[in-house]
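Below are some notes on the model you sent, set out as numbered points. They go from the fold to the core, the aromatic residues and the pocket.

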Amino acid sequence: MNQKTLSSTPILRAALTWGLIVGAVVAVVAAVAGAVVAGPEGAWSGVIGAAVGVIFPALTALSILIANRWYGQDTFLPIYFGIVMGGWVVKFALVLVALLVISRIEWIVSPMFFFALVAAAIGAITVDLVVMARMRLPHVSDTTLPEMNPEV
């Protein structure tokens, strides 16, 4: 029996879905707080900070979901590790570039950006922890046992 989907796929999808929902809530709260504290620049700074804090953690789960599509093929492991590790390298470079570009934008309100980024990152970590704690995944999953020969 060749299983076509991994048991981790629903967990990753739930983490992505709830992570985006929490990120949207953080973005709205950061926009309102930023508007109260520093006007439109503060609102946009909060939204951008929340987006950065949600998008980059979500890229890891997304890369694993994409790599899982090759499950069951002979080349699954090289493809899986190539996509996931390549995704981490690309994500690391994108974080550096994004932070360098954002730090040069004059109208960004740095404290608002920072607190929204931290709130979104904490929210993403919390979502991952809650999803992992509540989803039921057997200790030994995605395995098949050899069939027993009744003649022996």
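A helix, as the word is used here, is a DSSP run of H or I with at least four residues, and numbering starts from the N terminus. Thr9 lies in helix H1 under that definition. The model is a predicted one.

1. Overall fold. The protein chain has three helices and zero strands. Read from the N terminus, the order of elements is α-α-α. The chain has 152 residues, of which 32% count as buried. Among contacts with a separation of 6 or more, 77% are accounted for by residues 24 or more positions apart.

2. Thr9. Thr9 belongs to helix H1. Its relative accessible area is 10%, so Thr9 is classed as buried, the cut-off being under 20%. Leaving aside residues up to four places away in sequence, Thr9 touches Leu65 and Asn68. Leu65 is also a member of the largest nonpolar core.

3. Ser63. Helix H1 also holds Ser63. Is Ser63 buried or exposed? Ser63 counts as buried, because its relative accessibility is 8% and the limit is under 20%. Ser63 touches Ile83 and Val84, again not counting residues up to four places away in sequence. Of these two contacts, Val84 is listed in the largest nonpolar core.

4. The largest nonpolar core. How many residues does the largest nonpolar core have? There are 12: Leu6, Leu12, Leu16, Ala58, Ala61, Ile64, Leu65, Ala67, Tyr71, Phe76, Tyr80 and Val84. At least two residues of this core come from each of H1 and H2. H1 supplies the largest share, seven residues. A second, separate core has six residues, including Val52, Phe56, Ala98 and Ile102.

5. Ala61. Ala61 is a member of the largest nonpolar core. When residues up to four places away in sequence are not counted, Ala61 touches Leu12 and Leu16. Both Leu12 and Leu16 are in the largest core as well.

6. Aromatic residues. Four aromatic pairs are found in a search of the whole structure. One of them joins Tyr71 and Phe76 in an edge-to-face arrangement, with 5.4 Å centre to centre and 90° between the planes. Phe76 also pairs with Tyr80, and this pair is tilted: the centres are 5.5 Å apart and the planes are at 45°. The pair counts as tilted because 45° is neither under 30 degrees nor over 60. Phe76 and Tyr80 both lie in helix H2 (residues 76-103), where four residues, about one turn of the helix, separate them. Tyr71, Phe76, Tyr80 and Phe81 make up one aromatic cluster.

7. Burial of the aromatic residues. Tyr71 counts as buried at 18% relative accessibility. Phe76 is buried too, with a relative accessible area of 13%. For Tyr80 the relative accessible area is 18%, so Tyr80 is also buried. Tyr71, Phe76 and Tyr80 are listed in the largest nonpolar core.

8. The largest pocket. The volume of the largest pocket is about 260 Å³. Its lining has 19 residues, and the closest to the pocket centre are Ala15, Leu16, Pro57, Ala61 and Asp128. Two elements give two or more residues to the lining, helix H1 (9-67) and helix H3 (110-134). Which element gives the most to the lining? H1 does, with 12 residues. By class, the lining has 15 nonpolar, three polar and one charged residues. Leu16 and Ala61, which are among the residues closest to the pocket centre, also appear in the largest nonpolar core.

9. Ile125. Ile125 is placed in helix H3. With a relative accessible area of 53%, Ile125 is exposed, because the class begins over 50%. Ile125 and Gly19 are 106 residues apart in sequence, while their C-alpha atoms are 8.7 Å apart in space.

Technical notes:
Residues numbered from 1 in each chain as written. Predicted model: local features only at pLDDT ≥ 70, side-chain atom pairs only at ≥ 80, totals over all residues. Heavy atoms only, no water. 1 Å grid on protein atoms, 1.4 Å probe; cavity = no way out; pocket = protein on both sides within 12 Å on 5 of 7 lines; lining within 4 Å. Points joined across faces, edges and corners; volume = space filled by probe spheres on them. Nonpolar A, V, L, I, M, F, W, Y, C, P; charged D, E, K, R; others polar. Phe/Tyr/Trp six-rings, centres within 6.5 Å; stacked < 30°, edge-to-face > 60°. Buried < 20%, exposed > 50% of the residue type's maximum accessible area, 1.4 Å probe, protein only. Core = buried A, V, L, I, M, F, W, Y, C linked by side-chain atoms within 4.5 Å. Contact = heavy atoms within 4.5 Å.
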